[in-house]
Amino acid sequence: MKVGGGPPPSSLCAWVVLLILVESGEPYRTSYDQEQGQNRDRGRESTDSRLDTRTDTRDYHRDASPDTRDYHRDARPDTRDYHRDASEVRGKECQRCCDPGEEVRTQSANPQYPQHYPQYQAVPQINITILKGEKGESGQRGPYGKSGKSGQSGPRGPNGIKGTKGSIGTPGDPCKVQYAAFSVGRKKAIHSNDYYQTLVFDTELVNLYGHFNMFTGKFYCYVPGIYYFSLNVHTWNQKETYVHVMHNEREVVILYAQSSDRSIMQSQSLMLELEREDQVWVRLFKGERENAIFSDDFDTYITFNGHLIKPKSEG
């Protein structure tokens with residue numbers, strides 16, 4: 001925030017504090033520095049006194065008698081005592097060991113040249129946090145890094161909550177009901193020969209989907225399942241009637257009537273479980289005996305019927 005277009009209040013306060021520290025700052029001196037200063041003053045005084053003494057001694061030698069040498073002999077011990085006292089004072093000087101971050105300096109090998117420590121001065125310090133500027137805007141987002149390797153698949157989690165019931169679907173196709181049925185007849189009589197004969201029918205009463213072949217006289221199964229079959233014939237007087245209902249090439253049931261003075265109607269019925277492409281038909285026995293089936297050209301005396309009871313697909 002700026003007032004009247006000037007610098008921020010925080011920056012102004014920092015500069016005011018800096019000026020006060022510069023004006024009022026004094027050199028920082030430790031007790032060790034004060035003692036060193038006193039020793040230096042003492043040394044200067046002793047040097048001046050030795051110079052004065054030497055000067056007086058030279059003048060005195062020019063004019064004085066040998067007694068002056070005795071004076072010098074007497075004065076020298078005093079000088080040696082002074083130096084001895086000065087060396088002892090230097091040996092007992094305090095070492096600087098209070099300030100952190102500085103190593104203790106050893107005394108000089110020559111006690112006549114004491115080590116001098118630098119003079120410390122007050123240096124104003126500025127709190128950098130006061131001069132901290134305003135926070136800048138966020139930079140643009142960097143590009144995405146490369147994808148890492150895929151980890152191993154974790155364990156399967158728990159089952160979730162059951163969802164709501166869905167809507168009703170479209171109605172499906174109507175149930176396909178399978179049918180098979182036939183009913184055929186014959187108006188012509190037939191007599192046996194020296195070989196087996198297939199009974200062929202000439203009248204088609206019902207032939208659903210054409211599963212009964214009128215030319216071969218056989219029913220062909222196209223819908224596997226259980227079927228019901230029935231055979232009706234009219235016997236011939238004074239002759240036998242001897243026929244079989246065949247399943248493929250196997251004789252299943254027989255229809256038989258002995259010779260008699262009169263003719264009668266004779267029937268046979270059965271149920272068979274058929275597979276696809278199975279055949280059912282009627283066969284006339286060969287002519288070892290007089291074997292015949294009666295009929296005329298006006299009425300139908302022979303019929304063969306069959307129909308599907310239960311498809312195999314329904315179980």
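## Salt bridges

This predicted model contains two salt bridges. One joins Arg283 to Glu251, with the closest N and O atoms 2.4 Å apart. Arg283 sits in strand S11 and Glu251 in strand S9. The two residues are 32 apart along the chain, so the pair links distant parts of it. Their surroundings can be compared through relative accessible area. Arg283 is buried, at 10%. Glu251 is partly exposed, at 41%.

The other salt bridge is formed by the side chains of Glu275 and Lys312, at 3.1 Å from N to O. This pair also links distant parts of the chain, with the two positions 37 residues apart in numbering. Glu275 lies in the loop between S10 and S11, and Lys312 in the segment after S13. Glu275 has a relative accessible area of 32%, which makes it partly exposed. Lys312 is partly exposed too, at 47%.

## Overall build

The protein has three helices and 13 strands. Of its 315 residues, 25% count as buried. The accessible surface is about 24,100 Å². Carbon and sulfur atoms account for 51% of that surface.

Contacts also reach along the sequence. Take the contacts between residues at least 6 apart: 70% of them join residues at least 24 apart.

## The largest nonpolar core

The largest nonpolar core holds 29 residues. The members that touch the most other members are Phe212, Phe219, Tyr227, Phe229, Leu231, Leu274 and Phe304. Several elements give two or more residues to this core: S1, S7, S8, S9, S10, S11 and S13. Strand S7 gives the largest share, four residues. S7 covers residues 225–234.

Leu274 gives a view from inside this core. Leaving out residues up to four places away in sequence, Leu274 touches eight named partners. These are Phe219, Cys221, Pro224, Gly225, Tyr227, Phe229, His247 and Val280.

## A nonpolar patch on the surface

Nonpolar side chains also appear on the outside. Val177, Tyr179, Leu205, Val206, Leu208 and Tyr209 make a nonpolar surface patch of about 600 Å².

Val177 is one of these patch residues. Val177 lies in the loop between helix H3 (67–91) and strand S1 (181–186). Its relative accessibility is 48%, so Val177 counts as partly exposed. The cut-off for exposed is over 50%.

## Two loop residues with positive phi

Gln238 has a phi near 65°, a positive value in a residue other than glycine. Gln238 is in the loop between S7 and S8.

Asn248 is not a glycine either, yet its phi is positive, at about 60°. Asn248 belongs to the loop between S8 and S9. With a relative accessible area of 29%, Asn248 is partly exposed.

## How far to trust the model

The average pLDDT of the protein is 75. A score of at least 70 is reached by 62% of the residues.

Some stretches score low. Over residues 1–5, pLDDT stays under 50, and the model has three contacts for them beyond four places in sequence. Residues 101–109 are also below 50. That stretch has 16 contacts in the model beyond near neighbours in sequence. Where pLDDT is low, predicted coordinates should not be read in detail.

Conventions:
Residues numbered from 1 in each chain as written. Predicted model: local features only at pLDDT ≥ 70, side-chain atom pairs only at ≥ 80, totals over all residues. Heavy atoms only, no water. Patch = residues over 30% accessible without salt bridge, like charges linked within 9 Å, V, L, I, M, F, W, Y side chains within 5 Å. Areas by Shrake-Rupley, 256 points an atom, 1.4 Å probe, with all protein chains shown as cover. Salt bridge = Lys/Arg side-chain N within 4 Å of Asp/Glu carboxyl O. Buried < 20%, exposed > 50% of the residue type's maximum accessible area, 1.4 Å probe, protein only. Contact = heavy atoms within 4.5 Å. Core = buried A, V, L, I, M, F, W, Y, C linked by side-chain atoms within 4.5 Å. pLDDT = per-residue confidence, 0-100.
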